[in-house]
Amino acid sequence: MTGGDVAPMGRDGVTAMHKVFDWASTSRHGLLLFVDEADAFLRKRSTEKISEDLRATLNAFLYRTGEQSNKFMLVLASNQPEQFDWAINDRIDEIVNFALPGPEERERLVRLYFDKYVLEPATGGRQRMKLAQFDYGKKCSEIAKRTEGMSGREISKLGVAWQAAAYSSEDGVLTEAMIDARVDDAVKQHHQKMDWLRGEEEAQSLTPPPARATTTGGKMGFNLPLSSTPQTEHMIAPALEMYAKQESRGAPETHQSAEGGIPAGQDCRDTASGEAASSDSENKEKDENSASRPPKDGTPV
C-alpha cells in the first residue's frame, strides 16, 4: 500500500486501517506489509497541519503497531523520514539507508539502461533504431563520471531519453553527439533541482524563529507563565547580605531592607499588626470628628 492512498479516505481511513491489520493477522506463515511514501500519513501530530480524520487514522495505526507481532513484518519507505511522528520512530526497530549510487553503481546502471533502451532495440526485433559506431563501453564509463550525485531514477531516464532521441531523428540513428546532448541536459536539470533544494533550505534557515513565548514549557506540554516563575536570587539576596554583615560584625544590627524598609530581625507580623493598629486609630479619629461636626442641613444634634 502507499501512504497517499490513506489521506483521501477521510473518515473511512480508520476502518480501512483496522481491516488491513486484521487481514495481516490472519496469515498462517507471516507476511510483509510494505507501505511506500509512508510519511504522507504518518506525519508529526505536534507540528504538521493534518486533518482530524488523518489524525484519527494515524492514532489507529499507532494502536495496531504498539506491540510486537509474529504475523507480519512492517516496512515503511520514505524519502523524508524526518517528518515521521515521534511515536512512529519509537516503533522502528531498524533503519536502512539507501544512499545515492557511487561511481561503480552509476557505471553499472548506465550500462544496464544503455543495453535495455539502446542496444537491445537496435540489435533485436524489427531494428527500428540504429546505433552509430563508437566505443560503447568507454562512453558508458564517461557518462558514469558525469552523472555524479544523480539518483538511479535519473539515470534510468537517460536511457529513455536516448531511445526517444533516436526515434525522433530523421534517419533513426543514435549518434554519440546525441547521447552527449541528452546527458548535458540531464546534468543541467539535476543541478537546477539541487539549486532549488538549497534555496529552500537556506530560506528555512533564514526564517526568524517565532516570537519568544510567554510561557515555559516542555515536551509533556506543561506550561508555566514566565512572569510567575520565582526569581530566587532576587528574593534571597537582601537576606543573605544582611546575614553576612551580622556575621562579620559579630552582633545583630538593625538595618533597613531595600525591599520594604523593615528592620533586620523584626518580625513581619509585628510590623503588619502595627500598621493595622495605626489604621484602626486613624479610622476611629475620623469617626469622632465626623460625629462632633454639625450636620449641613441645620438639623439640631
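Start with two helices: select α6 and α7. In this predicted model, α6 passes α7 in a right-handed crossing. Look along the pair and compare their directions. The axes lie 10 Å apart, and the packing angle is about 140°. Angles over 145 degrees would count as roughly antiparallel. The α6 and α7 pair is therefore oblique.

Keep α6 on screen. Now add α4, residues 103–123. How far apart are the axes of α4 and α6, and at what angle do they pack? The axes are 9 Å apart, and the angle is about 25°. The cut-off for roughly parallel is under 35 degrees, so α4 and α6 are roughly parallel to each other. The crossing of α4 past α6 is right-handed.

Next, go to the helix pair α1 and α2. Select residues 12–25 for α1 and 52–64 for α2. Their axes come within 8 Å and cross at roughly 20°. That angle makes α1 roughly parallel to α2. Here too the handedness can be read: α1 passes α2 in a right-handed crossing.

Leave α2 selected and turn to the largest pocket. Its space comes to about 1800 Å³. Which elements give two or more residues to its lining? They are α2, β2 (72–76), α3 (86–91), α6 (152–168) and α7 (176–206). Colour each of them separately. Then pick out β2, which supplies the largest share of the lining, 5 residues.

To find the middle of the pocket, select Leu76, Ala77, Ser78, Phe84 and Val96. Of the 45 lining residues, these lie nearest the pocket centre.

Now colour the lining by residue type. How many of its residues are nonpolar, polar and charged? The lining has 19 nonpolar, 13 polar and 13 charged residues.

Last stop: the domains. Colour domain 1 (3–90) and domain 2 (103–203) in two shades. Why does the largest pocket lie between them? Both domains give residues to its lining, so the pocket sits between the two.

To finish, show the pocket with α6 and α7 once more. Both helices give two or more residues to the lining, and α6 is oblique to α7, their angle being about 140°.

Conventions:
Residues numbered from 1 in each chain as written. Predicted model: local features only at pLDDT ≥ 70, side-chain atom pairs only at ≥ 80, totals over all residues. Heavy atoms only, no water. 1 Å grid on protein atoms, 1.4 Å probe; cavity = no way out; pocket = protein on both sides within 12 Å on 5 of 7 lines; lining within 4 Å. Points joined across faces, edges and corners; volume = space filled by probe spheres on them. Helix = DSSP H or I, 4+ residues; strand = E, 2+ residues; numbered from the N terminus. Nonpolar A, V, L, I, M, F, W, Y, C, P; charged D, E, K, R; others polar. Domains from an automatic or database assignment. Axes fitted to C-alpha atoms, helices over the stretch in contact; angles between N-to-C directions. Parallel < 35°, antiparallel > 145°, perpendicular 65-115°, else oblique. Left-handed = near helix turned anticlockwise from the far one by under 90°.
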